[in-house]
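Could you walk me through this structure, one feature at a time? I would like to learn how to read it for myself.

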Amino acid sequence: HDKNNNKIMTKMMIVRMMLAIVMTTTMMSARVEATDSVAGVLTVGDLVISGNNATSLVGVQHVAGDLVITNASTLAGLEKLKIVEGSLEIRDNPTLTTLDGLQNLQCVGDSLEIKRNDGINSLSGLSKLEAVGGDLHVAWNKNLNSLQNLQNLVSLGGNLMIEGNDNLSSLWGVHGLTRVENATIASNEKLLSLAGLALSEVKGDFSAVRNENLMSLQGLESLTRVDGNLMIETGGTFLALKSLTTVGGNFTLESKDDVLAALKSVDNDLSPLLAEKVKFEAVLNDDNAVAKAGFAAAERGGIFPGSLRIEENVTSLTGLSGIKGIKGDLVTYENKNSIPSFAGLEALESIGGSLGFSESGFGNLQSIEGLERLTHIGGDFFLFRSTLPSLRGLQNLRSIGGSFRAKYSGLSSFEDLKSLRSIGGELLLDSAGSFTSLAGLEQLEDIGLSIGGDLSIIHSSLVSLDGLQGLRFVKGNVNIEYNDELSSVESLKGLRAVKGNLTIESTDPQDVVRLLDSFLADIAEKAKFVTILTNDNAVASAGFAAAER
């Protein structure tokens, strides 16, 4: 109710402001020589100004619909404009150097978007703007360095989005806004702090991410509640969040510099309830950061209390040698340094979150040696565009709580997963390498392979499904498709239940028939088989199979 009341109050304030300005406009009886214009009010719905055509609106004070300005080099002609009832979009104006011309604009009824205007370095011209009924989106303005001219903006009915402004160094100018729907401060490369924000409440999500040089959260001292998710990436501490009492959704804090100081700040500067809720991620971008993460784990009995993301400039993981457990994820994305293995993590026994390698992983990584004591992954295990030829180092892995996904990868064998006994989520192998069988998964026969999601094997070099003999139950779908060399699917004959659809392609019709005959009636009824006839023998075999029926 409070959220809806705040929305209604914001809209009512904007409507009152519009009415007041309209009454003033009408009393002035400004005359505009334009069709569909009366007493300074442009009564048409939506209006697009392309190029320098704003001069045709000289004297117009009120646009009844949307106003879009694109490919303009000047806003001359809009000097009388006070109200835009709909949205105001100022976008894709590469030669526009100033917003002068809008200096009397007071109210935008819907959203205000200022995007891809590479020539402007400030928002001069918006100094009288007081209210925006929808979103404020300032994005991808390459040379914008200041928001100062928004200092009179006190009401925003929608979302605050400041993103992709490469030269923006300060948020001063939006300090009149205390409550917004959602707030996103992202990818502003030169932003050092959040000073200039004065938000006390965010009704949805708040995120400050991918601001590469953000070292201070100054500006968040007044923030008391975020009803949705809160995600912040910073190189500093979290002292500015001392007043925060409520986070309704996920609470994620990422440290990209001093992990030790950041974790101490979580413990000391946040309320105990919020500290317990935090999902903490440490970005390890050099050996010093690795060592600090190791010290942090040592202070906590060998358990790192969050996730570790390994990035460039790391030459060794020996600083993590005492870690026994990681509560969150252990991942690497787009990392091209020279670490050949995971040597240094020999004590690691469990990962509470996911283990993943994406976009080639480490440039020289040829094995996951160093993880020999790892027995459990609580989340997903994923390989995406990874050059790893094998999973050497995971010989003792017994369970994956989430999904196992390998996509566009270089795996040649699954022999190193010989201890794996359960996968809680999906098993997806899609263009995952040159392996010709699933040999190495035979230990699954002891208890059967219980897959909580789908079983999907597509675009592989498999000639058989050997290794899946223990498969008994799949809660989702089974999709064995587009494996052009697959001639034996008989290893699936142990299947006893498939909750979803079952689709299997093979090049051997007789093998498919044998598998179908081995299925229980309910599985056989739902099974969809596709036989690929690659030669005359296959054609004849399909004929025999049909003759038998």
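What follows is a short dialogue on this predicted model.

Q: Where do I start: how many helices and strands are there in the protein?
A: A good first step is a simple inventory. This protein has seven helices and 41 strands. Of its 549 residues, 53% count as buried. You can also ask how far along the chain contacts reach: among contacts with a separation of 6 or more, 49% are between residues 24 or more positions apart.

Q: Which residues touch the most other members of the largest nonpolar core?
A: Look for the residues with many neighbours inside the core. The largest nonpolar core holds 139 residues, and L194, F206, F280 and F304 touch the most other members. Take L194 as an example: leaving aside residues up to four places away in sequence, L194 touches L171, I185, F206, A208, L214, S216, L217, Q218, G219 and L220. Notice that F206, another of those four core residues, is in that list.

Q: F206 caught my eye; what does F206 stand opposite?
A: Here we follow strand pairing. F206 stands opposite L230 in β19. Strand β17 (residues 206-209) and β19 run parallel and are joined by three bridges. On β19 there is also a pairing with β21, again parallel, through five bridges; within it, M231 has T252 of β21 as its bridge partner. As for burial, four of the five residues of β19 (residues 230-234) are buried, so the strand is mostly covered.

Q: How do I read an open sheet, and which strands stand at the edges?
A: Write down the strand order, then look at the two ends. One open sheet of four strands runs β14-β16-β18-β20, with parallel pairing. β14 (179-180) and β20 (246-247) are the edge strands; each has a single partner strand, so one side of each lacks a neighbour in the sheet. The partner link of β14 is to β16 (residues 201-202), by two bridges, and V180 pairs with V202 there.

Q: Which residues of helix α2 are buried?
A: For a helix, list the buried residues and then ask what covers them. In α2 (residues 259-269), the buried residues are V259, L260, A262, L263, S265, V266 and D269. Their cover includes β21 (251-255), α3 (272-277), β22 (278-284), α4 (287-298) and β23 (303-304). Check the start of the helix too: a side-chain oxygen of D258 comes to within 3.2 Å of the backbone nitrogen of L260.

Q: At what angle do the axes of α5 and α7 cross?
A: Two helices are described by their axes and by the residues between them. The axes of α5 (residues 509-518) and α7 (residues 536-547) come within 8 Å and cross at roughly 30°. From α5, the contact uses P509, Q510 and V513; from α7, it uses A538, S541, A542, F544 and A545. By type, these contact residues are six nonpolar, two polar and no charged.

Q: One last residue: does E426 count as buried or exposed?
A: Compare its relative accessibility with the cut-off, which is under 20% for buried. E426 has 17%, so E426 counts as buried. E426 lies in the loop between β33 (422-423) and β34 (427-430). The side chain of E426 makes a polar contact of 2.9 Å with that of R405. E426 and F404 are 22 residues apart in sequence, yet their C-alpha atoms are 6.1 Å apart in space.

Notes. Residues numbered from 1 in each chain as written. Predicted model: local features only at pLDDT ≥ 70, side-chain atom pairs only at ≥ 80, totals over all residues. Heavy atoms only, no water. Core = buried A, V, L, I, M, F, W, Y, C linked by side-chain atoms within 4.5 Å. Buried < 20%, exposed > 50% of the residue type's maximum accessible area, 1.4 Å probe, protein only. Contact = heavy atoms within 4.5 Å. Pairing = 2+ DSSP bridges. Polar contact = N/O pair within 3.5 Å; in protein donor to acceptor, adjacent residues only side chain to side chain. Axes fitted to C-alpha atoms, helices over the stretch in contact; angles between N-to-C directions. Nonpolar A, V, L, I, M, F, W, Y, C, P; charged D, E, K, R; others polar.
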